[in-house]
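Got the viewer open? Load the model, colour it by secondary structure, and keep the selection box handy.

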Amino acid sequence: MNPKLREIEIHPIQHQGQEMLLLRDPLHLSDGQIAVPRPLGLLLAMMDGTRDSDALEAALTVRTGLRLAEGLLDALVMDLDAALLLDNERFSEARAAALRSYREAPYRPPTLDGGGFPSTADLAGAQLQGYIDALPTLDGAAAPSAIRGLVSPHIDYQRGGAVYAEAWRAGAQAAREAELVIMFGTDHHGSAGTLTLTKQSYATPWGVIPTDAPVVDALVSALGEEATLAEELHHRGEHSIELAAAWLHFVRDGAPVPMVPILCGHFGVFVEGHLDPADHEPFTVAVQVLREAMHSRKTLVVAAADLAHAGPAFGDPYGLDFIGKAQMRNADERLLEAVYAGDAQAFFEQLQAEGDRRHVCGLPPIYLTLRLLGEARGEPAGYALCPADPQGTSIVTIAGVTLH
């Protein structure tokens, strides 16, 4: 057997004073988690399906000098297999079964209940209304009907509630008037340059927001099933669209509206300079199809997107002090100027110039929102630096923007 590790979540942790790597399944096909000593990280990296156990042990010894206790590697492989962390037939069968179950369900159920957000409409509404009530009173606002797009966070409500509230208060009338909502969300586990669709509808505490199946069909027909549905199961556990969709349903007082939920894979291949997203054919085709769908209906386009992720919690070697946080805010202000100008290419190129060292996970959905809207101007609707570790040295930055 040549074990091949699949795409999984790996988090460095401390356990009983020892540095460990915690391995988890991002698709949640299994609840099992495995912790391995950090020095075995290289061993995991070499599990690419080209080596059997003997070759793996030999390669580890040559490269690091480590010799594994007899039977340890076989036991590790068995544990990885049991937790569905290996790319093999057992994992493929489990994924296929999970996808069938997801598609056959009456709707995609909320995943936030028990995570700080209630599942009942009255309690959920009280929580979201509380964030709005805590905002300063508005002196005046731009005509709500002029709003065509919205940038909303997708961080948890406990940290981002005020920015969600400011963005969705500003966009409430546009949301209520919308006859179609197109929502781009970050796919935190998506492949490069992907647009992942689903016909499944998202449920919220206020009921079900129906997915616009004809628009999804048109996109699948234009782009191909493999390009659009290969990672459909990511919709089951990905929180980005869910968090924004709950606000959409809330400000509409529970009234349903057809929605096209699109998860966006990472832009690594573009940021590294190999390709330009402006020339990426799937994006061009998707924009054409979506604009046709928007032509006869009042449409709100939403980017469910956070900004920077910085500090040790995200793999950076140093924590952020007061000066570092101020620099992060300044960098965001420069970045948001491109959003306010409605300039998708300038937005992308600024992050490309940075090498995306600030880990802006909202790059794909914001870029595609700006690209789809075309000529637009943006107005700020909230901003925050949110703590991301107990020491306060890691942060996530978020912003709300209305696009007119």
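Here is a tour that starts with the overall picture, moves to a few strands, and then visits single residues.

**Before you click**

This is a predicted model, in which local features need pLDDT of at least 70 and side-chain atom pairs count only at pLDDT 80 or more, while totals for chains, interfaces and linings use all residues. Residues are numbered from 1 along each chain as its sequence is written, and side-chain values use heavy atoms, with hydrogens and water left out.

**Stop 1: the whole chain**

Show everything as cartoon. You have 16 helices and 13 strands to look at; these are DSSP runs, numbered from the N terminus, with helices (H or I) of at least four residues and strands (E) of at least two. Along the principal axes, the C-alpha atoms fill a box of roughly 70 × 50 × 45 Å. The radius of gyration is 22 Å, which agrees with the value near 22 Å that a compact globule of 404 residues would have. That radius is taken over C-alpha atoms, and the globule rule is 2.2 Å times the number of residues to the power 0.38.

Switch to a surface. Its accessible area is about 18300 Å², with 52% belonging to carbon and sulfur atoms (Shrake-Rupley method, 1.4 Å probe; for residues, only the protein chains shown count as cover). Of the 404 residues, 51% count as buried, where buried means under 20% relative accessible area, exposed over 50%, and partly exposed in between (1.4 Å probe, protein chains only).

Now think about contacts, meaning heavy atoms within 4.5 Å. Among those between residues at least 6 apart in sequence, 75% join residues at least 24 apart.

**Stop 2: strand E13**

Select residues 395-403, which make up strand E13; 9 of its 9 residues are buried. Show the side chains. In a regular strand the side chains alternate between the two faces of the sheet. On E13, Ile395, Thr397, Ala399, Val401 and Leu403 point one way, and Val396, Ile398, Gly400 and Thr402 the other.

Which strands pair with E13? Add 378-387, strand E12, which pairs with E13 in the antiparallel sense over 8 bridges. Two strands pair if DSSP finds at least two bridges between them. To see one of these partnerships, pick Tyr383 and its bridge partner Ala399 in E13.

Next, add 309-310. This is strand E11, joined to E13 by 2 bridges, again in the antiparallel sense. Here His309 stands opposite Val396.

**Stop 3: strand E4**

Select 149-152 for strand E4, which pairs with E13 in the antiparallel sense over 3 bridges. Gly149 stands opposite Leu403, and Val151 has Val401 as its bridge partner in E13.

Stay on Val151 and bring in 299-304, strand E10. E10 and E4 run parallel, joined by 4 bridges, and the bridge partner of Val151 in E10 is Ala303. Is E4 covered or open on its two faces? Both faces are covered, with Gly149 and Val151 buried on one side and Leu150 and Ser152 buried on the other.

**Stop 4: Glu232**

Centre on Glu232, in the loop between helix H9 (225-229) and helix H10 (234-237). Buried or exposed? Glu232 counts as buried because its relative accessibility is 4%. Beyond residues up to four places away in sequence, Glu232 touches Leu99, Tyr102, Arg103, Thr196, Leu197, Thr198 and Lys199.

**Stop 5: Ala338**

Jump to helix H14 (residues 322-340) and pick Ala338. Ala338 is buried, at a relative accessible area of 8%. Leave aside its neighbours within four places in sequence, and Ala338 is in contact with Asp343, Ala346 and Phe347. Draw a C-alpha to C-alpha distance to Arg291, and you should get 22 Å across 47 residues of sequence.

**Stop 6: Asp122**

Asp122 is in helix H5 (residues 121-133). With 56% relative accessibility, Asp122 counts as exposed. Draw another distance, this time to Ser92: the C-alpha atoms are separated by 40 Å, with the two positions 30 residues apart along the chain.

**Stop 7: two positive phi angles**

Finish in the loops. Gln16 lies between strand E1 (9-15) and strand E2 (18-24) and is exposed at 76% relative accessibility. Phi of Gln16 is near 55°, a positive value in a residue other than glycine. Then go to Asp356, in the loop between helix H15 (344-354) and helix H16 (363-373). Asp356 is not a glycine, yet has a positive phi of about 50°.
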